Amino acid sequence: MKYILGKTLKYDVVNGVGLVVVAAKTVIEYEHIELMKQHEIDEFSIVLEAANGTTKSHTNLLALQLVDQCMALFKGIEYSRKIPVMEFKNIIVPTLQKIANDPNIFRLFEAIKAKDNYTYEHNVGVGVLATLIGKWMNLPEAELSSLSLAAILHDVGKVRVPTEILTKPGKLTEEENQVMKAHTVFGYELLKNTVGISHRMALVALQHHEKEDGSGYPFGLGKDRIDQFSKIVAVADIFHAMSSKRPHHGAIPFFEIITQMRHETFGKLEPYIVSMFISNITKRMVGKKVLLTDGRAGEIVLINPSNDIHPLIKLENGFIDLSMDSSVKISEIIM
């Protein structure tokens, strides 16, 4: 919990029997951390105030810390062309897995969205999402750790792509696009010669833009030749990219992300992984606050099993069944 030192509590921290352990507005010191540990306080229940008065969750702070750490490591790779494997294994992967343990996945999604520094925030976001998918697939612990490491390094080849291409706000030229696509090969070449990185992890860098129908790059591989880790990272990569603010594109509304991902299962993405991922999201939607595309806010009260992204919503002055009204959709799920 050391990351919360010096931060201000937004709300009271309460233990399992309702006793206030540390009061709201307290500036956290070491003794407060020890007290919270003694009372077995769930870290995810701690909500802090940011410097500008906004709210920062435990997950959000961990994600911000992780982006800073990854930025430093990736900049080092850019200059040295060497992967600091032990730093990634001992510092980055455990934090990724801690973020993926947040029981509120919508708080998690919000915390890992790229907003300001897409390249590094995307690495963290894909790492967390791939780890979450791996957990939902019940991967053994050793495999899950390998997947987490492969996912955080999936775009490491971009250290050889010029910054002006990575951050270009408009559409890339054909020549620029070819340079961008080469990051898959660059990453594979960097990882395959690194001690402590398995060939399977290196394949994730190479294959995460391959498609089930053979329409991907760099080699146009079909589904039988794409490793499962690469398929998981591909789903995480697409979900995070569409959820985030990118140099050339804004974040896409929630309903559209789910719709597009389902469409991508017809030839592009592994159907089982997409279905399992979306199912785990939608079954956690009941009770969540939402913002609709017409500006109204409400709460999801019932999921339609045959049309799960068009649930029954409770509004301030009644209800709306989105499966019966195609003019209104969910724009955003509020934590």
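Helix α3 bends by about 35 degrees at I92, and a proline, P94, follows within four residues of that point. The model is a predicted one, and in it α3 runs over residues 85–100, a stretch of 16 residues. From its first C-alpha to its last the helix reaches 21 Å, close to the 22 Å expected at 1.5 Å a residue.

The residue at the bend, I92, is itself buried, and the other buried positions of α3 are V85, F88, V93, T95, L96, I99 and A100. These buried residues pack against four helices, namely α2 (58–80), α4 (105–112), α5 (118–136) and α6 (141–152).

A UniProt annotation from an unreviewed entry, "domain: HD-GYP", covers residues 97–293. Within the model, the C-alpha atoms at the two ends of residues 97–293 lie 33 Å apart, and the span is 57% helix and 2% strand.

From packing we can turn to charge. Side chains of opposite charge can pair when their charged atoms come close. The structure holds 14 salt bridges, and among them is one in which the side chains of E143 and R200 meet at 3.7 Å, N to O. This pair links distant parts of the chain, since E143 belongs to helix α6 and R200 to helix α10 (residues 199–207), 57 residues apart. Neither partner falls under the 20% limit for a buried residue: E143 is partly exposed, with a relative accessible area of 28%, and R200, at 27% relative accessibility, also counts as partly exposed.

A further salt bridge is formed by the side chains of D155 and K158, which meet at 3.2 Å, N to O. Here both D155 and K158 are buried.

In another pair, the side chains of D213 and K268 meet in a salt bridge at 3.6 Å, N to O. D213 lies in the loop between α10 and α11 (228–243), and K268 lies in the loop between α12 (254–264) and α13 (271–282), so the pair ties together parts that are 55 residues apart in sequence. As for accessibility, D213 counts as partly exposed at 43%, and K268 counts as partly exposed at 27%. Beyond such individual pairs, salt bridges that share partners join E143, R200 and D227 into one network, which brings the reader back to the link between helix α6 and helix α10 made by E143 and R200.

How values were computed. Residues are numbered from 1 along each chain as its sequence is written. This is a predicted model: local features need pLDDT of at least 70, side-chain atom pairs count only at pLDDT 80 or more; totals for chains, interfaces and linings use all residues. Side-chain values use heavy atoms; hydrogens and water are left out. UniProt positions are given in the numbering used here, feature names are shortened, and annotations may be inferred rather than shown by experiment. The expected span of a helix is 1.5 Å times one less than its number of residues. The bend at a residue is the angle between axes fitted to the seven residues ending there and the seven starting there. Buried means under 20% relative accessible area, exposed over 50%, partly exposed in between (1.4 Å probe, protein chains only). Contact means heavy atoms within 4.5 Å. A salt bridge is a side-chain nitrogen of Lys or Arg within 4 Å of a carboxyl oxygen of Asp or Glu.
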